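Biologist: Please choose one part of this model and take me through it closely, beginning with the fold as a whole and ending with what surrounds that part. Tell me also where I should be cautious about reading the coordinates.

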Amino acid sequence: MAAMTEPMPAISLDAPAEDADAALVRVARGGDMGAFEALYRRHAGRVHGVILRLVGGQHGRAEDLTQDAFVRAWQALPSYRFESAFGTWLYRLAVNTALMELRSRRGQPLMDADDAYDSVGSIDSAGHTTALSTDLERVVASLPPRARAVLVLHDVEGWKHEEIAVELSMAVGSSKAQLHRARTLLRARLGGEA
């Protein structure tokens, strides 16, 4: 890696997150892995969360894709133009990473061998088997992939149908229809309570 070109910025805890990210990005663009590691620590949880929802709760796939997203971010960092918040740019890159992987897996098994253990459950202290995720998370994970992707991007991440349509290569009307389908399936699978 290139030598650090700027000293590591002193980041105030009172500074807005966008300012702290921008300072870290400037240093990381110079090749400073410590600055990029700080960006990773700041954003890994949310990136992993959105990817986990997009891949239907498959933890192994989500972990791999989270790492892929950060590798791509490191590689693309020189092209980051500060036109939007770093977090916005990173989350879009992460979602695109997950969506590309989902497209490439069409027709393949939905669960990897490593992920099979994630769906089994664990024994709690009272000896009862407990689910590893809530009912809602399981139901969202059971949705068809395109409906799940539209639901997560629209209802969880706040994307507009126009943005979703571009990213998923579908018409805006198809995005709206997939969202309606996902919500209908959620209501039915949750017993009409959603």
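Modeller: Helices here are DSSP runs of H or I with at least four residues, strands are runs of E with at least two, and both are numbered from the N terminus. On that basis the protein has nine helices and two strands, and along the sequence they follow the pattern α-α-α-α-α-β-β-α-α-α-α. The model is predicted, with an average pLDDT of 80 and with 75% of the residues scoring at least 70. Caution is needed for residues 1-6, where pLDDT stays under 50 and the model has 12 contacts beyond four places in sequence, and likewise for residues 108-133, where pLDDT also stays under 50 and there are 29 such contacts. Where pLDDT is low, the predicted coordinates should not be read in detail.

The part I have chosen is helix H2, which spans residues 33-54 and is one of the helices that supply at least two residues each to the largest nonpolar core. That core has 50 residues, and those with the most contacts inside it are Ile51 and Leu54. The other contributors at this level are H1 (17-29), H3 (59-76), H4 (86-104), H6 (135-142), H7 (145-156), H8 (161-168) and H9 (172-189). In the protein as a whole, 38% of the 194 residues count as buried, and among contacts with a separation of 6 or more, 58% join residues 24 or more positions apart.

At the N-terminal end of H2, aspartate 32 acts as a cap, with a side-chain oxygen 2.8 Å from the backbone nitrogen of glycine 34. Further along, H2 has a kink of about 50° centred on histidine 43, and His43 itself belongs to the buried residues of the helix. Just after H2, glycine 56 takes a positive phi of about 75°.

The buried residues of H2 are Ala35, Phe36, Ala38, Leu39, His43, Ala44, Val47, Gly49, Val50, Ile51, Leu52 and Leu54, and they pack against H1, H3, H4 and H7. Isoleucine 51 shows what this packing involves: leaving aside neighbours within four places in sequence, Ile51 is in contact with Ala62, Leu65, Thr66, Ala69, Ala94 and Ala98.

Seen from the other side of one of these contacts, threonine 66 has its place in helix H3 and, again not counting residues up to four places away, touches Ala44, Val47, His48 and Ile51. Its relative accessible area is 3%, and threonine 66 therefore counts as buried, since the cut-off for that class is under 20%.

Two further residues, outside H2, deserve a check of their backbone. Phenylalanine 82, in the loop between H3 and H4, has a positive phi near 60° although this residue is not a glycine, and serine 169, in the loop between H8 and H9, has a positive phi near 55°. Most residues other than glycine have a negative phi. The two can also be placed by accessibility: phenylalanine 82 is partly exposed at 30%, whereas serine 169 counts as exposed at 63%.

How values were computed:
Residues are numbered from 1 along each chain as its sequence is written. Side-chain values use heavy atoms; hydrogens and water are left out. pLDDT is the predictor's confidence in each residue, from 0 to 100. Contact means heavy atoms within 4.5 Å. A nonpolar core is a set of buried Ala, Val, Leu, Ile, Met, Phe, Trp, Tyr and Cys residues joined through side-chain atoms within 4.5 Å. Buried means under 20% relative accessible area, exposed over 50%, partly exposed in between (1.4 Å probe, protein chains only). The bend at a residue is the angle between axes fitted to the seven residues ending there and the seven starting there. A polar contact is a pair of N or O atoms within 3.5 Å; within protein, one must be able to donate a hydrogen and the other to accept it, and residues adjacent in sequence count only if both atoms are side-chain atoms.
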